[in-house]
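Work through the exercises below with the model open beside you. Try each task before reading its solution.

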Amino acid sequence: MDEQMDGLEVTACTRCPALVASRSRIVNGTGPEDADLLFVGEGPGAREDEQGEPFVGRSGSVLDETLLAVGLERSAVRITNCVRCRPPENRDPTAEELGNCRGYLEREIDRVDPEVVVTLGKVPSEHLLERSVAVTAAAGDLEEVRIAGTPRRVLVCVHPAATLYDRSQADTFETTLERAAALAGIDDSAGGQTRLDGF
Ligand code: URA
């Protein structure tokens, strides 16, 4: 058997030959399995592949800092990717690779059942909304879409890496995360204190 899951963790998979060749490990989602916010990136980069955790490189630092700025700890949210294995030379995952990994992502979304799914960048936005998306223009837009048969609220967001090259994207990124926190019912009125949900 070449595919195995243990809960939300993919423990073995050999569906994508190019990714099997380029990965050092499978990078699963992290964070509470009942999180109100689920962030979905594109796929692991070099640091993520090394450490086995999503968003631990420069993009991850931007994500962590901006989460804190809107009153959220990283540990309070769930973070995952469209594909769980590092593509060679950090290329975008192909449509076939996205399709191969789709079931794992759908299972994660189903199980976590978040209030809001936040798509970080073009690849996850287009993958989950199933259409082309101009992410900079659409950032902050909320759409309802069926994922694996269940209606889900998807909030389009720029990729954190975009803020490294264009400061104006940093504002867009922070405003979108603020909206995500508000939509998930997370109250920052206590001066940045974090809570997982309202109850
Ligand atoms: N970029 C992504 O899309 N995902 C990661 O895990 C890291 C960087």
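**Exercise 1.** How many residues has helix α3, and how far does α3 reach from its first C-alpha to its last?

*Solution.* This is a predicted model. Begin with the limits: α3 covers residues 58-69, which makes twelve residues. Next take the span. From first C-alpha to last, α3 reaches 17 Å. Then compare: at 1.5 Å a residue, 16 Å is expected, and the span is close to that. Finally, step past the end of the helix. Just after α3, G71 takes a positive phi of about 90°.

**Exercise 2.** Which residues of α3 are buried, and which are exposed on the other side?

*Solution.* Use under 20% relative accessible area for buried and over 50% for exposed. Step one: S59, G60, V62, L63, T66 and L67 are buried in α3. Step two: look down the axis. The buried residues of α3 fall within an arc of 160°, so they line one face of the helix. Step three: turn to the other side of α3, where R58, E65 and L68 are exposed. Step four: find the cover. The buried residues of α3 are covered by elements including β3 (37-41), β4 (78-81), β5 (116-120), α7 (162-165) and α8 (167-183).

The helical repeat helps in reading such patterns. An α-helix has 3.6 residues a turn, so residues three or four places apart point the same way.

**Exercise 3.** Repeat the analysis for α8. What arc do its buried residues cover around the axis?

*Solution.* Length first: α8 has 17 residues and reaches 25 Å between its first and last C-alpha, close to the expected 24 Å. Now list the buried residues of α8: Q169, A170, F173, T176, L177, A180 and A181. They cover an arc of only 140° around the axis, which puts them on the same side of α8. The face turned away from that side carries the exposed residues D171 and A182. Cover for the buried residues of α8 includes β3, α3, β5, α6 (135-138), β7 (150-157) and α7. Just after α8, G185 takes a positive phi of about 80°.

**Exercise 4.** Which residues lie nearest the centre of the largest cavity, and which element gives the largest share of its lining?

*Solution.* Count first: the structure holds one cavity of 30 Å³ or more. The volume of the largest cavity is about 110 Å³. Its lining has 15 residues, and C13, C16, C85, C101 and Y104 lie nearest the centre. Two or more lining residues come from each of β2 (9-13), α1 (17-22) and α4 (95-112). The largest share, four residues, comes from α4. Last, sort the lining by character: ten residues are nonpolar, one is polar and four are charged.

Terms used: Residues are numbered from 1 along each chain as its sequence is written. This is a predicted model: local features need pLDDT of at least 70, side-chain atom pairs count only at pLDDT 80 or more; totals for chains, interfaces and linings use all residues. Side-chain values use heavy atoms; hydrogens and water are left out. On a 1 Å grid over the protein atoms alone, a cavity is a set of points where a 1.4 Å probe fits but cannot get out, and a pocket is an open set with protein on both sides within 12 Å along at least five of seven lines; lining residues have an atom within 4 Å of a point. Grid points are joined across faces, edges and corners, and a volume is the space filled by probe spheres set on the points. Ala, Val, Leu, Ile, Met, Phe, Trp, Tyr, Cys and Pro count as nonpolar, Asp, Glu, Lys and Arg as charged, and the others, Gly among them, as polar. The expected span of a helix is 1.5 Å times one less than its number of residues. Buried means under 20% relative accessible area, exposed over 50%, partly exposed in between (1.4 Å probe, protein chains only). The arc is that of the directions from the helix axis to the C-beta atoms. Contact means heavy atoms within 4.5 Å.
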